[in-house]
Amino acid sequence: MKGKKFFWMLVSILLISSFALAACGGEATPTETAGGETLAVGIVLPTKDEPRWIQDENRFKEALQNEGYSVEILFSQGDSAKEKQNVETLISKGIKVLIICPHDSTAAAASAEAARAAGVKVISYDRLITDTAAVDYYVTFDSVSVGKAQGQYLVDHATGTGNPLYLYAGAASDNNAFLFFEGAWSVLQPKIVDGTFVIKNSSEAVALQDKPTLTREEMGRIIGQITTNWDFNVAKNLAESNLTAATAADKGDVFILAPNDGTARAIADTFAADTDVTSYVITGQDAEIASVQYIIDGKQSMTVLKDVRVLVADAIKAAVIFLEGGTPEATTTYNNGVIDVPAKPSAVVSVDKTNLISAIIDSGYYTADQFTGLENLK
Ligand code: BGC
């Protein structure tokens, strides 16, 4: 009898301790660094100079308040060397999962590989890290559909033929710039062929306008001419030089593919200042506060809302699953030149003055007191 009791005691101790280990998630326990700091997840974002990434930082902070894991967020300030340094700092603090939005898709491969070598799971956030096998998961919006929404908006607001079309793109170092352009081209190209639009600012795009789909190299040639480098000043200067080169007949009622909100505001202001421009329709993306105000004020036509709350929640969910030794859900893959990276892209919403209140305010994305003139939209 005594022997039997001892046996069951031993069994329960073993069971309890294995449950306790499982609850800690094994790998999930943050490691202690020499400085005494413990860190489970590290987040690296590209720059503080664009409101888009401040949005992500704030949404991460809001969401992380509810999680038990310690997390640090670092910014790379548009510099791949600084980005690598950030990753190394986080590795030395013992992170188990790295959530990283690369400044430069290819240059970030070295950071991803350093993390992989240290046993850290790598989640590519919003932008894909290319040319390496060291990416475990990709958290993203459907970027091709962002471009399609932009192109569709221009198509839906054009009548007749011969409408002047000005094309602008993101940075060639950002894989997303190609996906946005691919989506926009798929919608715009048939409308260029049928004469609705006439491209005014890219000889490379004109040379390729009969091709419904473009290779990456072909897109690269066009992007080389129309890149804003995601920089407001570059966007402004390029728009100015395009308008200087164009004749009054190339202006009038114009259509502008602008890749995101920051560049859209810069380009819109430049077109608005040209007296030969009678009206313009211009796209954007990110639903930055300043651009939502521009839409209310009639200075920007549309934006694409990429609900950062969803992206942040997906990233945290994937990180926690990795910490617990699991594999996050994937619905598709993105080829990064070396491997097919598993991903579950999120949907986006096209927003203009007709649905701004429901999409931006009623959804709780921003509050009405952050804007003026909302009553004019009702
Ligand atoms: C992001 C956009 C952003 C752009 C510039 C892209 O990779 O998807 O949301 O506007 O980078 O930072």
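This report walks through two pockets and one helix pair in a predicted model.

## The largest pocket

Let's start with the largest pocket, which holds about 270 Å³ of space. Its lining counts 14 residues, and those closest to the pocket centre are T47, E50, N229, W230 and D231. Sorted by class, the lining of this pocket comes to six polar, four nonpolar and four charged residues.

Where does the largest pocket lie with respect to domain 1 and domain 2? Domain 1 covers 3-141 + 308-346 and domain 2 covers 143-305 + 350-377; both contribute residues to the lining, so the largest pocket lies between them.

## The second largest pocket

Next comes the second largest pocket, with about 150 Å³ of space. If you would like to select its lining in your viewer, pick L128, T130, N175, F178, L179, E182, R216, M219, Y334, N335, N336 and G337. By class, that lining has five nonpolar, five polar and two charged residues.

Which element gives the most to the lining of the second largest pocket? That is α6, with four residues. Helix α6 spans 175-193, and together with α8 (216-226) and β13 (332-335) it belongs to the elements that each supply at least two lining residues. Here too, domain 1 (3-141 + 308-346) and domain 2 (143-305 + 350-377) both give residues to the lining, so the second largest pocket lies between them.

## Helices α3 and α4

Now for the helix pair. Helix α3 takes in residues 80-92 and helix α4 residues 109-117. Their axes come within 9 Å and cross at roughly 10°. Angles under 35 degrees count as roughly parallel, which makes α3 roughly parallel to α4.

Which residues make the contact? From α3 they are E83, K84, V87 and I91, while α4 brings A110, S111, A114 and A115. In terms of class, the contact of α3 with α4 has five nonpolar residues, two charged residues and one polar residue.

## Picking out the main points

To recap for your own look at the model: the largest pocket lies between domain 1 and domain 2, and the second largest pocket lies between them as well. The α3 and α4 axes, for their part, cross at roughly 10°.

Technical notes
Residues are numbered from 1 along each chain as its sequence is written. This is a predicted model: local features need pLDDT of at least 70, side-chain atom pairs count only at pLDDT 80 or more; totals for chains, interfaces and linings use all residues. Side-chain values use heavy atoms; hydrogens and water are left out. Axes are lines fitted to C-alpha atoms, for helices over the stretch in contact, and angles run from 0 to 180 degrees between N-to-C directions. Angles under 35 degrees count as roughly parallel, over 145 as roughly antiparallel, 65 to 115 as roughly perpendicular and the rest as oblique. Contact means heavy atoms within 4.5 Å. Ala, Val, Leu, Ile, Met, Phe, Trp, Tyr, Cys and Pro count as nonpolar, Asp, Glu, Lys and Arg as charged, and the others, Gly among them, as polar. On a 1 Å grid over the protein atoms alone, a cavity is a set of points where a 1.4 Å probe fits but cannot get out, and a pocket is an open set with protein on both sides within 12 Å along at least five of seven lines; lining residues have an atom within 4 Å of a point. Grid points are joined across faces, edges and corners, and a volume is the space filled by probe spheres set on the points. Domain bounds come from an automatic or database domain assignment.
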